[in-house]
Structures are given as C-alpha cells and as structure tokens.
Amino acid sequence: MLRQSLAIMGREVRYLWRDRGLRHILLLGSLVGILLFWGIYSAQVLKEIPTAVVDLDRTKQSRELVDGIRNAEYLKIVAVPESFQAMEEMIKKGRAVVGVVIQEDYGKKVSLHRQVRVLMVVDGSNIIYATNASTAILTVTRTIGARAGIAALLARGVPLSQAEDAYRGVDIEEEPWFNPTLNYAYFLVLALALNIWQQCCTLTACMNVIGETGLDSWRQIRAAGVSKLQLFLSKSLVHIIVFMITVLPVYLLAFQVFKLPLRCGFPALLLFTLVFAVAVHSIGTLMSSFARSAVDSSRFGMLVALPSFVLSGYTWPVEAMPRWLHPVVKAFPHTWFFQGINCFAFKNAGWGMMTQYMLIMAAIAACCYALAALFISRS
Amino acid sequence: MGETEQGPKEAPVQPLLRVASLQQRIGRRAVLRNVSFEVFPGECFGIFGLAGSGKTALIHILAGVDRFTSGSVEILGHDIGKTEKFKQYTGLVTQKRSLFQDLTAGENLDFIAALKNAGREAIPPLVERLALEDYLKTPVSRLEAGVYQRLSLACALLNEPRLLLADELITGFDLNSRRLILDELAGYLERGGACVWSFSSMEFAGLMSRVGWLENGEITVYSPQAAGEKWNELERSSSPLSGEAHA
C-alpha cells in the first residue's frame, strides 16, 4: 500500500514537472505576479497628480492660490490653460486629472473678504485617481479656506489668536492604524500575488480527477486494482505540498525583501495558508470530478477562481454587497483567506479569530471533497 | 474404500473464468446479451467479432475496468462485481494505447509494477524476453506500434497473472514484434496461464483453443476450425463475385 502510494506520488511529481506549461505556471506565475505588483505599487502612494489651473483672474491673490496648489504635497501643476474649455479638453485626453478654475473676480472678492468660489474638478473615470485627487484637493482647499477666513476675521478687528481658535474649534486628528501612510503596496501587492497563486493552484487541482479518468491510462489504474481513495489521496498530498512550496518564495519576497508588514508570525501564516491551499484543492478536485474533460474542468475552475477575489471582500466590503450575495460570498474559502490575510498579517487579530476562519475553510474543503467523492464513486 | 479399489479420482479442472448471462447496456443499446462461457487454465480463448461487436466492452468488463448491467463473472472464484481481489490475478493489454504517456518505457514498467504490487524482480526477465532493453529510456509516446505492444504485454505480465486479457493483441505491426509476442504468450500458456484474446482477423483463430464468436452482443463458442469455416462461408456469401462463382 505504501509502495503504491509512493509510486503514485512520485509519478505525480514527475507529471507536474514534465508538463512544462503547468510547471511554469506553478513556479513562475505568482512570483512574476508579486514582482510585477511590487513594481506597479512601488510608489506606495499616488503623488504628483497632474493638475491644470485656469487662472481667469490673474491677480496677486489668484497667483497666491496657484502657488498654494503648486506647493500641495500630492498635486503637480502640469498646465495653465487659457480657458475652461481648454482645461476640459486636457482632462478628457487624460493629460490632467484635476482641474482648478479661478474666477475673474477672485482677487476682488478676497480683498473685500466676501465669499468666493473656486471650481475644482476631478476626473472620476479612474476611481483610485479620483479618490486620491479629492483628498489632495481637500487638504489644499481646507488650508486656503482657513487662511481666507482668518484674514476676514482679522480685517474685522478680531485678534489673531481668537481668529485662529475660531478655525480650530474642533481639532479632529486623523490616525490611520496598521498602515499609517495609507501605503497601496501594503494593501495590494501580497493580496494580488496570492490571488494569482490561488488561480494557479485551482488550475492544477482541476486536473486531479479528470487528469486520470479522462486518459486511456485510467484503464491501467483500474485494472491494477488501486483504490480511487488511495490514488486521489496520494495525488492530492503531492498537490498540496507543491502549493505550499510555491507560496514560500512569494512570502519570502513579500516579507523579507519588500518588508510588507507581518504581525501574526510566519508559522501561523503558513498554517492559515495551508488550510486555504487544502480548500482551494478541494474546489479544483470537485470541478475535476464532474467535468467531462480536462478543458471543461479548467473552465469550471476559472469560473470560481477568477471572481472569487473580487467577491472575497478584499477590495470592496462584503457589507456593502447586496444581502442576497452574502451566503454565496461566504461559501468561498477565498473570502475567509483574503479577509484573514488582512486581519492577521496586518493586524494580528488573534488565534481565536484565526482558528474560526480556518475551521470554516476546512468545513468548505470537507464539503467539496465529499461531493467530489460522490461524483468519483458514480463514475 | 471404492476409491482405494479404483485409485484416486482426478479432481475436475475448475475454470479460471466463468461468465454467466452477462448483459451490458449502454443507454438503450444492448452491447452484450446473455453472454456465457468458461475459460480453463492453459487455454487461449479467442473472442472474435467485427468492429463494434462488443469485444472491447467484454474485455474491459472482465478486467474490472467497466461495470456491467447484470449477470455474473467469476475469476478464480471471486465475483468481480463484489470484490477487486481478482485483479491481482489478471493482466490487461488494451486495444488503445493505455500506458502512461508522460513516462518512459522503463518508468511505465516500474510504475505499473508498483500499482500491481508486483516485485521489481519481475521486470528484467520480461524486458529481456520481449527485447525491450533499448527502449527503456524512450518516452512511450515515441514507441513504434510493435515495441509499444511488447511493452504493453510486459506490463500486463508483471504480476504473473493467472488470466491474461488481451484486446487485439496483434495488429498490423512488424513481424519481429509479432514473433516475440507470440513466443511470450506460448510460454505463458505453458506455465499454466489462461488468456482471453479478442481479435478481428480470422488468421489468428488457429492460435486459439476455442473461439467465442461475438455478433450483435451474443456469443457462440466454436472450435477454431469451425470458426474458420463459418468465416469462409460468410466471406463467400458476401463476396460480390459469389453469384458468378455458384453459377
């Protein structure tokens, strides 16, 4: 029995290694992913957001405003168009993301301490750019608005300290925890690389059953009298070990080289990942147990693996999804894994929560394997 | 007492394979209907039939690869519908290439030996007798038909089976491979093994002990000579020149 299992495992390793496409996907897919995503998000925060300023006033006051914008941390003035239409055209063509229009009477109204309007437009077609641009603009407008207000109070004879206090009535302190600089790389790089990894694992697991039963060599296995349980247990063990081996360099790069935060400890993270690897394998095995061909099995696997990351609530909170979708989302192990990665790697949310997440993923795996066993026994 | 006077009675030879009222349906189509026959040690039982007659379905059922609808099949007393123990006594050569395409010839021998729980010591004599030494490192996908079939036979014999099930054991490949396979089969039968060999060319009927003629899912057992005569008769009657010949 042991000899049979070892032979099946040895053959599976050979199979995975000799299938050049599969080998490259498994070994390089997630590694290339993490390098690529690190490259993409290496800037960590969006700086130098291209800004176009239309100064229709051209007074000392309006130039001061333009200087304020120029000195803003995340904005970069790339053009000073002559008209609103010219600015609109620049935003349409993607040359500017933020547009500022200073009206003709800006200087006059500021001098008279009257309310004055400055139009700031943001290109909302790219939501990430738009959110960052809005935050950057808000910082500038808050400062300029406060400065103008203090100046107005001073003009009315209010002492400087009182005027400043009036604008600091409620001092709200913002303090982002776990990712103080709101670093995109912290948030996205590891999750996106793990998303590629889980897709590669699903693809591999999708070959587990149909990869044998769909081939003529299945007859040799049947004729030899090897039990299906022994065969698929041996193969599955190899798959899960390979999945864990392929995630190690991703973690090594993420935590050792790119210095992404890891607060829950490496062994705990590995254990958490192992349970997810088993769950992903169970999904692939299930797909491969009822698929009519290897190609169909891969298609079914991708139907789960591709949307699962979006559904996981990592990039868009589950709470904001329609209520009817919640049970579907929670039936995916991906939801627990990606939420868990956030909670444990970033925040070290504790063993209690991690155990709960792992039990849920293990339960999902048990269901998928049980269903797969049912399909296999009927085949 | 009577026994002492008459000498010990010889025990009747038990069949290695007993097939009774075997039925196989695939969807609405009856592939095998009420098939019954027995195969004894040292016997080479041929199953003759044209394409689509159900030969492969029958061989796969006997090898425990496919299930059957009703009837009973016993191999060495084991009911193959209830247990898989009989598989340690059987070997299978399939019509389609069924060795592991991702492995070399040598790796196939090793792997199948392990699957069958056969000792590795069974490999070298088979490799020698079937002249496979030069091909052990060749991927099976690159083997010529004759060599491939020699390897298939070697794999099937690794566990020294009592019953060899061969589906179209010899087709149109080289004469050397054909000779090596027939020599190996003759030795295997001499050692007490039995063989069920499906074939579709009547030239092999002379190598069989008996021939089960499979037609429309039903089997009729003939002697090799009777099967040959029936075939000749059929050939004559279906020949476009038969009318002229009789006239």
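Strand S7 (residues 163-167) of chain B runs parallel to strand S8 (residues 194-199) of chain B, and five bridges hold the pairing together on paper. This, like everything below, comes from a predicted model. Within that pair, B:Asp167 has B:Ser198 of S8(B) as its bridge partner. Both strands belong to an open sheet of six strands in chain B, ordered S6-S7-S8-S3-S9-S10, and its pairing is mixed. At the edges of the sheet stand strand S6 (90-93) and strand S10 (218-222) of chain B; each has a single partner strand, so one side of each has no neighbour in the sheet. Going from one strand to the next, the twist averages 20°. A helix also comes into the picture here: helix H5 (residues 145-157) of chain B lies across S6 and S7 of chain B, and its direction makes an angle of about 165° with S6(B).

Over in chain A, there is another open sheet, this one with four strands in the order S2-S1-S3-S4 and again with mixed pairing. Here the edges are taken by S2 and strand S4 (118-122) of chain A, each with a single partner strand, so one side of each is left free of a neighbour in the sheet. Neighbouring strands of this sheet are turned against each other by 30° on average, direction ignored.

Strand S1 (residues 49-55) of chain A is worth a slower look. S1(A) pairs in the parallel sense with strand S2 (residues 75-79) of chain A over four bridges, and A:Ile49 has A:Leu75 of S2(A) as its bridge partner. S1(A) also pairs in the parallel sense with strand S3 (residues 98-102) of chain A, this time over five bridges; there, A:Val54 stands opposite A:Val101. Six of the seven residues of S1(A) are buried, so the strand is largely enclosed by the rest of the structure. Helix H3 (residues 60-70) of chain A lies across S1, S2, S3 and S4 of chain A, running at about 180° to S1(A).

As for the overall layout of chain A, the chain is divided into domain 1 (2-41 + 184-378) and domain 2 (49-166). The C-alpha centres of these two domains of chain A lie 50 Å apart.

Next come the nonpolar cores. The largest has 141 residues, and those with the most contacts inside it are A:Val189, A:Ala193, A:Met361, B:Ala154, B:Leu158 and B:Val196. Helix H8 (residues 184-205) of chain A gives the most to this core, with 13 residues. Take A:Val189: neighbours within four places in sequence aside, A:Val189 is in contact with A:Ile34, A:Phe37, A:Trp38, A:Tyr41, A:Ala254, A:Phe258 and A:Leu260. A second, separate core has 24 residues, among them A:Val54, A:Met90, A:Val100 and A:Val140.

Finally, there is the contact between the chains, which takes 17 residues from chain A and 23 residues from chain B. On the side of chain A that touches chain B, the elements giving two or more residues are helix H1 (2-18) and helix H10 (218-224) of chain A. H1(A) gives the most to that side, with seven residues. By type, the residues on this side of chain A divide into six nonpolar, four polar and seven charged.

Conventions: Residues are numbered from 1 along each chain as its sequence is written. Chains are lettered from A and ligands numbered from 1 in the order in which they are written. This is a predicted model: local features need pLDDT of at least 70, side-chain atom pairs count only at pLDDT 80 or more; totals for chains, interfaces and linings use all residues. Two residues are in contact if their C-beta atoms, placed from the backbone, lie within 7 Å. Ala, Val, Leu, Ile, Met, Phe, Trp, Tyr, Cys and Pro count as nonpolar, Asp, Glu, Lys and Arg as charged, and the others, Gly among them, as polar. A nonpolar core is a set of buried Ala, Val, Leu, Ile, Met, Phe, Trp, Tyr and Cys residues joined through C-beta atoms within 7 Å. A residue is buried if 20 or more other C-beta atoms lie within 10 Å of its own, exposed if 12 or fewer, and partly exposed in between; C-beta atoms are placed from the backbone. Domain bounds come from an automatic or database domain assignment. Two strands pair if DSSP finds at least two bridges between them. Axes are lines fitted to C-alpha atoms, for helices over the stretch in contact, and angles run from 0 to 180 degrees between N-to-C directions.
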